[in-house]
Amino acid sequence: MNEEKITKNHLYGFLSSDKEGIDELVELALNLRWSWNHATDDLWQELNADLWELTHNPWIVLQTTSQNQIESKLADTAFRKKMNDLVALRELSTSSSAWFQEAYPAAPLTCVAYF
């Protein structure tokens with residue numbers, strides 16, 4: 001087992017990181033954008049509606065939902081398309097210039113820390 005797989009297994013906890021699509025779910029769940037942008041809400045509700053209604057926390061939904069349910073959803077082409085579209089949208093938003101970069105292109109500020 002290589003170091004990358006060990007790190008992922010440690011990060012994912014009980015999730016099996018060798019399943020195709022699990023990396024994308026983890027990426028979406030750990031991105032705190034969900035706390036203010038609710039584009040992924042339907043995905044988590046579809047994965048586990050009862051738990052989503054109780055917590056509204058994608059990481060808890062992903063960590064608590066059974067492996068069988070996750071694997072079943074990852075095998076569903078409509079679910080996978082929705083997931084892949086959300087990952088592509090996230091990648092586009094993180095690679096595109098934001099308002100500040102466009103309004104102040106010469107600013108020395110390159111990152112922001114939230115506390």
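Welcome! Start with the lining of the largest cavity, whose residues split into 5 nonpolar, 3 polar and 2 charged. Keep in mind as you click around that this is a predicted model.

**Stop 1: the largest cavity**

To bring that lining up on screen, select L28, N31, R33, W34, N37, A39, T40, L86, L89 and R90. Try colouring these residues by class, and you should find the 5 nonpolar, 3 polar and 2 charged ones. The space they line, the largest cavity, holds about 140 Å³. How many cavities of 30 Å³ or more does the count give? The count comes to 1.

**Stop 2: helix α7**

Now select residues 77-95, which make up helix α7. Which part does this helix play in the cavity lining? Helix α7 gives the most to the lining of the largest cavity, with 3 residues. Leave α7 highlighted, since you will meet it again at the next stop.

**Stop 3: the largest pocket**

Next, select S93, A98, Q101, V112 and Y114. Among the 14 residues that line the largest pocket, these five lie nearest its centre. About 460 Å³ of space lies in this pocket.

Add α8, residues 99-103, to your selection: α7 and α8 each supply at least two residues of the pocket lining. The largest share comes from α7, with 3 residues.

To finish, colour the pocket lining by class as you did for the cavity. How many residues of each class are there? The pocket lining has 7 nonpolar, 5 polar and 2 charged residues.

Note on methods
Residues are numbered from 1 along each chain as its sequence is written. This is a predicted model: local features need pLDDT of at least 70, side-chain atom pairs count only at pLDDT 80 or more; totals for chains, interfaces and linings use all residues. Side-chain values use heavy atoms; hydrogens and water are left out. On a 1 Å grid over the protein atoms alone, a cavity is a set of points where a 1.4 Å probe fits but cannot get out, and a pocket is an open set with protein on both sides within 12 Å along at least five of seven lines; lining residues have an atom within 4 Å of a point. Grid points are joined across faces, edges and corners, and a volume is the space filled by probe spheres set on the points. Helices (H or I, at least four residues) and strands (E, at least two) are DSSP runs, numbered from the N terminus. Ala, Val, Leu, Ile, Met, Phe, Trp, Tyr, Cys and Pro count as nonpolar, Asp, Glu, Lys and Arg as charged, and the others, Gly among them, as polar.
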